[in-house]
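Thanks for sharing this one; I have gone through it and put my remarks into numbered points. I hope they are handy to read with the structure open beside you.

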Amino acid sequence: MRDDIQEALKDHGARYVEIRLEQSEGTRLTYRGRELEEIGRSSGIGGNVRALAGGGWGFACFNDISDLKGKVAMAVSHARHVGGEPVQLADVEPHVDTVEPVLLEDPQDVPLHEKKRVFDEYISLMLGVPGVQTCTIGYGDGRRKVGFANSEGAYIE
């Protein structure tokens, strides 16, 4: 992620550019009674670029990082078309940091078939109670990796 972002921030021709990027993945299970309605994994990537050029701000969003440099160019172009009064940004020391999540157990390390096995047990327990005719149960977990970088040298992940 970092290399892609830093490469896109080179030679942009703007006063300031920032890129925000988010990668996500997750698991979901849904039961209605004993019927497994949904099981699966999902993943996605997306973000946005904001640029200051020629007194205006430009913006571009994306869900594919293959042309991140092109999205920077688009945001810079939009900013130049806006025009406006010159903007003075505060001088801020760029911050660089990577913050790791603190997990007792990572749900992504539990295989999907094991999650399903546990839910099958829960369903049997619930439907084994006298008088209970049906139930609905769902599970979801997710993970996000978020990155921010700007043309002044900041990078936070």
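**Notes on the model**

1. Let me begin with the cysteines. C135 is buried, having a relative accessible area of 11%. C61, in contrast, is exposed, at 52% relative accessible area. If you were looking for disulfides, the structure holds zero of them. Please keep in mind throughout that this is a predicted model.

2. Next, the overall sheet. Six strands make up an open sheet, and their order is β3-β2-β1-β5-β6-β4, with mixed pairing. β3 and β4 (96–97) are the edge strands, each of them pairing on one side only. As a general reminder, strands of a sheet pair through backbone hydrogen bonds, in either the parallel or the antiparallel sense.

3. The hairpin deserves a look of its own. β1, covering residues 16–32, pairs with β2, covering residues 35–53, in the antiparallel sense, and 17 bridges connect them. Two residues lie between the strands of this hairpin, and G33 in the turn has a positive phi of about 65°. Further along the pairing, G26 is opposite S42 of β2.

4. On its other pairing, β1 runs antiparallel to β5 (residues 136–150), and 15 bridges join these two strands. One place to inspect is S24, which stands opposite R144 in β5. The two residues are 120 apart along the chain, yet their C-alpha atoms are separated by 4.4 Å.

5. Which residues does S24 touch, once its neighbours within four places in sequence are left aside? The contacts are S42, S43, G44, R143 and R144. S24 itself belongs to strand β1. With a relative accessible area of 30%, S24 is partly exposed, because that class lies between the 20% limit for buried and the 50% limit for exposed.

6. Moving to the β3 side, β2 and β3 run antiparallel and are joined by seven bridges. R50 has F59 in β3 as its bridge partner. Helix α2 (residues 68–82) packs on the sheet, where it touches β1, β2 and β3, and its direction makes about 150° with that of β3. R50 is also worth viewing from the ring side: it lies over the face of W57, 4.4 Å from the ring centre.

7. Now the aromatic residues, of which the structure holds four pairs. One of them is Y16 with W57, an edge-to-face pair at 6.2 Å centre to centre, with 75° between the planes. This pair links distant parts of the chain, since Y16 is in strand β1 and W57 is in strand β3 (residues 56–62), 41 residues apart. Is each partner buried or exposed? Y16 counts as buried at 8% relative accessibility, whereas W57 counts as partly exposed at 33%.

8. Another pair is F119 with Y122, which is tilted, at 5.8 Å centre to centre and 55° between the planes. These two are three residues apart in helix α3 (residues 112–127), so about one helical turn separates them. F119 is buried, at 8% relative accessibility, while Y122 is partly exposed, with a relative accessible area of 42%. Both rings belong to one aromatic cluster made up of Y31, F119, Y122 and Y139.

9. A small point about the loop between α3 and β5, where Q133 is found. Q133 is exposed, with 76% relative accessible area. How far apart are Q133 and G33 in space, C-alpha to C-alpha? The distance is 8.1 Å, although their positions lie 100 residues apart in sequence numbering. G33 is the turn residue of the hairpin in point 3.

10. Finally, a backbone detail that you may like to check. Most residues other than glycine have a negative phi. D11 has a positive phi of about 50° although it is not a glycine. D11 sits in the loop between α1 (2–8) and β1, and it counts as exposed, at 78% relative accessibility.

Definitions and conventions
Residues numbered from 1 in each chain as written. Predicted model: local features only at pLDDT ≥ 70, side-chain atom pairs only at ≥ 80, totals over all residues. Heavy atoms only, no water. Pairing = 2+ DSSP bridges. Helix = DSSP H or I, 4+ residues; strand = E, 2+ residues; numbered from the N terminus. Phe/Tyr/Trp six-rings, centres within 6.5 Å; stacked < 30°, edge-to-face > 60°. Buried < 20%, exposed > 50% of the residue type's maximum accessible area, 1.4 Å probe, protein only. Lys NZ or Arg CZ within 6 Å of the ring centre and 35° of its normal. Disulfide = S-S within 2.5 Å. Contact = heavy atoms within 4.5 Å. Axes fitted to C-alpha atoms, helices over the stretch in contact; angles between N-to-C directions.
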